[in-house]
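Me: Please take a close look at the salt bridges in this model, and at what surrounds them. I am in my first year, so plain wording would help.

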Amino acid sequence: MRKLKDEEVWHKPVLLERVIEFLITDKSGIYVDATIGTGGHAERILRELNENGKLIGIDKDEDSLKISEQRLRRFGKKVIFFHQSYIQLPEILKRLSLESIKGLLLDLGLSSYQLEKAERGFSYSLKGPLDMRFDQKEVKSALQVVNGYPFERLKKIFRDYGEERYSSRIAQAIVQNRKVKKIDTTKELKDIIQSILRTKNDEIKTLSRVFQALRIEVNTELIELKEGLENGIKALAANGRICVLSYHSLEDRMVKEKFNMLARGCVCPPGYPVCVCGGKKSLMILTRKPITAEVSEIIENPKARSAKLRAAEKIV
Ligand SMILES: C[S@@+](CC[C@H](N)C(=O)[O-])C[C@H]1O[C@@H](n2cnc3c(N)ncnc32)[C@H](O)[C@@H]1O
């Protein structure tokens, strides 16, 4: 088989020019790409910055981070890498003796580089181990979740993180099957899910939802997103900007609600004649509606189809 060129395994960055337009307001500022992946957005950010500008790149995935390090080597000390979760941003900034940053990018979920590697276990269309960890040093993988969680907990994950209507039946089928044999691979899990679906109509959607739900659970994605938004917005300098790219409604809802709450300031119940909470506005929303990809981008990069970009600016 032909050996793939470097660029062929890299993830194609989504809404690249729109991100740059919203994110960079000062070419000599310090920016954070909190999910640097294989470095697509990062490369473009670094090209936009002048010789004084700096980028901090963070990712949980060591393999992706190595690709980024190689790809961005030509930028020298303008870029620095951290193999950590973005929830550790406060510690990272402390270590670098930095008080604030000019901009933060969160490009959520997984990259196509991760999805297309069968051995990472993210894809239902490739046979691999049940893994799904972004950080391979973590102990919990999809194997433990699928084979160890009780029925109720599995059902809840599929319902809450996958918005899957067959949650109960899928959880039940998993529990029945694992009594006979441990479920080791993505293919075994796929077969179990397919065996309980009456028609082929919803097959792809159900498989995507169940795999998404497991990935969110394994990587505590929504819990980390909540903390990451909180810490990230706190770290912004006045007029600093945050850009978030999300790929499903659960993520997008969290981003939208957080931005709205901080842009409103006051959290008093509607109908109160005067504000009693004392909350102050700290964000200005720059994207009243989320930005989505043009058809031409979606044709070239199908992952862009579900992308939603929201951006906001710190005002205090
Ligand atoms: C959509 S990809 C980013 C792609 C990147 N923008 C690019 O252009 O190559 C998402 C990345 O976020 C990483 N990731 C997910 N959750 C994370 C977290 N809590 N902290 C740091 N990285 C995380 C994943 O490992 C993955 O590499």
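Reply: A salt bridge is a side-chain nitrogen of Lys or Arg within 4 Å of a carboxyl oxygen of Asp or Glu. Side chains of opposite charge can pair when their charged atoms come close. The model shown here is predicted, and it holds 26 salt bridges.

One of them joins Glu217 and Arg153, with 3.7 Å between N and O. Glu217 belongs to helix α11 (residues 203–218) and Arg153 to helix α8 (residues 151–162), so this pair ties together parts that are 64 residues apart in sequence. The two partners can also be described by how much of each is accessible. Glu217 is buried, because its relative accessible area is 11% and the cut-off for buried is under 20%. Arg153 has a relative accessibility of 43% and counts as partly exposed.

Next comes the pair Glu230 and Lys258, whose closest N and O atoms are 3.0 Å apart. Again two helices are involved: Glu230 lies in α12 (residues 221–235) and Lys258 lies in α13 (residues 249–264), so the salt bridge ties together parts 28 residues apart in sequence. Here Lys258 is buried, at 14% relative accessible area, whereas Glu230 is partly exposed at 33%.

Lys200 and Glu203 form another salt bridge, with an N to O distance of 3.3 Å. Lys200 is exposed, with a relative accessible area of 64%. Glu203, at 12%, counts as buried.

Salt bridges can also link up into a group. Glu17, Lys27, Arg44 and Glu48 are joined in a network of salt bridges. Arg44 also appears among the contacts of Leu16, a residue of helix α2. Setting aside residues up to four places away in sequence, Leu16 touches Gly40, His41 and Arg44. The C-alpha atoms of Leu16 and His41 are 6.4 Å apart in space, although the two residues are 25 apart in sequence. Leu16 is partly exposed, with a relative accessible area of 22%.

Leu15 is placed in the loop between α1 (6–9) and α2 (16–23). Its backbone deserves a note. Most residues other than glycine have a negative phi. Leu15, however, has a positive phi, near 45°. Leu15 is buried, at 4% relative accessible area. Asn239 is another non-glycine residue with a positive phi, in this case about 70°. Asn239 sits in strand β5 (residues 236–246) and is partly exposed at 43% relative accessibility.

A charged residue without a salt bridge makes a useful contrast. Glu251 lies in helix α13. Glu251 is buried but has no salt bridge, and the nearest side chain of opposite charge, that of Arg215, is 4.4 Å away. That distance does not qualify, because a salt bridge needs the nitrogen within 4 Å of the carboxyl oxygen. Arg215 is nevertheless in contact with Glu251, and so are Leu108, Gly109, Glu221, Leu222, Leu225 and Ser246, leaving aside neighbours within four places in sequence.

Finally, the whole chain gives these details a setting. The protein chain has 14 helices and seven strands. For 316 residues, a compact globule would have a radius of gyration near 20 Å, and the 21 Å of this chain agrees with that. The C-alpha trace spans about 65 × 60 × 40 Å along its principal axes. Of the 316 residues, 50% count as buried. Among contacts with a separation of 6 or more, 70% come from residues 24 or more positions apart. The chain exposes about 16,200 Å², of which carbon and sulfur atoms supply 52%. As for charge, the chain has 58 positive and 44 negative charges, and the mean positions of these two sets are 3 Å apart.

Notes:
Residues numbered from 1 in each chain as written. Predicted model: local features only at pLDDT ≥ 70, side-chain atom pairs only at ≥ 80, totals over all residues. Heavy atoms only, no water. Helix = DSSP H or I, 4+ residues; strand = E, 2+ residues; numbered from the N terminus. Buried < 20%, exposed > 50% of the residue type's maximum accessible area, 1.4 Å probe, protein only. Rg over C-alpha atoms; globule rule 2.2 N^0.38 Å. Contact = heavy atoms within 4.5 Å. Areas by Shrake-Rupley, 256 points an atom, 1.4 Å probe, with all protein chains shown as cover. Lys, Arg positive; Asp, Glu negative; His and termini not counted. Charge placed at Lys NZ, Arg CZ, Asp CG, Glu CD.
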